[in-house]
Amino acid sequence: MTLRSWWDRATGRTPAPDPLPAAPAPPTEADITVALDRVEALVAGGAVPGLVQSRVRRVSRTVRETMPRLRNLGLGSAQAYSVMATATDYLPAAIGNYTRLPRDWADSRPIENGKTSLMLLVDQLDLLGSTMDDILDAVVRVDADAVIAHGRFLQAKFGSASTGGELNLT
């Protein structure tokens, strides 16, 4: 509440509605890197089993490889959002939910369809890992397609590489 809206209420005037707060800015590459660093620190040092650590490193590595190429997907793409959300929300939430449980209980008690919390976490991390791999493939494919297109241009311009090409200087 602003001073003006308080004064309007105190004096019986109809207060003007408070302006809506500005939407938070989307995370930057630096924000995403910090989020990944936090998750990696959270799982380091035996806080989680090695199979969880290795999966977190896989997801983190793939996100880090993907970030510089997100422009290839276009602004506001669902895939770019998924990369950002994986680093800043999905991955930290998965690890946080698991680490809040007592370790022995989480690793030994079935909680859903005969699976323990550890098994469910591994499934979630595998899903995030394969999804990030698919997105990396999509963003790199844009550059690979550029190589193909340029090769076709050169072939049309200068001829087939298998014949040594033809340079028409006349």
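# A guided tour of a helical chain

Visitor: What percentage of the 170 residues of the chain count as buried?

Guide: Welcome, and please note that this is a predicted model, where local features need pLDDT of at least 70 and side-chain atom pairs count only at pLDDT 80 or more, while totals for chains, interfaces and linings use all residues. Residues are numbered from 1 along each chain as its sequence is written, and side-chain values use heavy atoms, with hydrogens and water left out. Buried means under 20% relative accessible area, exposed means over 50%, and partly exposed is in between (1.4 Å probe, protein chains only). By that rule, the buried share of the 170 residues is 27%.

Visitor: In what order do the elements of the chain run from the N terminus?

Guide: Helices (H or I, at least four residues) and strands (E, at least two) are DSSP runs, numbered from the N terminus. The chain has six helices and two strands. Read from the N terminus on, the order is α-α-α-α-α-β-β-α.

Visitor: How much of the contacts with a separation of 6 or more comes from residues 24 or more positions apart?

Guide: Contact means heavy atoms within 4.5 Å. Among contacts in the chain with a separation of 6 or more, the share from residues 24 or more positions apart is 63%.

Visitor: What distance does helix α6 reach from its first C-alpha to its last?

Guide: Helix α6 covers residues 117-158, which makes 42 residues. The expected span is 1.5 Å times one less than the number of residues, and for α6 this comes to 62 Å. Close to that value, the model gives 61 Å.

Visitor: On which residue is the kink in α6 centred?

Guide: The bend at a residue is the angle between axes fitted to the seven residues ending there and the seven starting there. In α6 the kink is about 30°. Its centre is Arg 141.

Visitor: Where is the kink in α4 centred?

Guide: Helix α4 has a kink of about 55°. The residue at its centre is also on the list of buried residues of α4, which includes Val 83, Leu 91 and Ile 95. Among the elements covering those buried residues are α2, α3, α5 and α6. The kink is centred on Thr 86.

Visitor: Which elements do the buried residues of α6 pack against?

Guide: Helix α6 has buried residues including Leu 121, Leu 125, Leu 128, Met 132 and Val 139. An α-helix has 3.6 residues a turn, so residues three or four places apart point the same way. The partners of the buried residues of α6 are α3 (50-66), α4 (78-99), α5 (103-108), β1 (110-112) and β2 (115-116).

Visitor: Which residues have the most contacts inside the largest nonpolar core?

Guide: A nonpolar core is a set of buried Ala, Val, Leu, Ile, Met, Phe, Trp, Tyr and Cys residues joined through side-chain atoms within 4.5 Å. The largest one has 31 residues, and α2 (29-43), α3, α4 and α6 each supply at least two of them. Ile 95 touches Val 39, Val 52, Val 56 and Leu 121, among others, not counting residues up to four places away in sequence. The residues with the most contacts inside this core are Val 52, Val 56, Val 63, Leu 91 and Ile 95.

Visitor: Which side chain does a polar contact of 2.5 Å join to that of Asp 133?

Guide: Asp 133 sits in helix α6 and is partly exposed because its relative accessible area is 26%. A polar contact is a pair of N or O atoms within 3.5 Å; within protein, one must be able to donate a hydrogen and the other to accept it, and residues adjacent in sequence count only if both atoms are side-chain atoms. Leaving aside neighbours within four places in sequence, Asp 133 is in contact with two residues, one of them Thr 62. The side chain joined to Asp 133 at 2.5 Å belongs to Arg 58.

Visitor: Is Asn 113 buried or exposed?

Guide: Asn 113 is found in the loop between β1 and β2. Its phi is near 50°, a positive value in a residue other than glycine. Because its relative accessible area is 74%, Asn 113 is exposed.

Visitor: What relative accessible area does Ser 117 have?

Guide: Ser 117 lies in helix α6. Not counting residues up to four places away in sequence, Ser 117 touches Tyr 98, Leu 101, Trp 105, Ala 106, Arg 109 and Ile 111. Ser 117 is buried because its relative accessible area is 7%.
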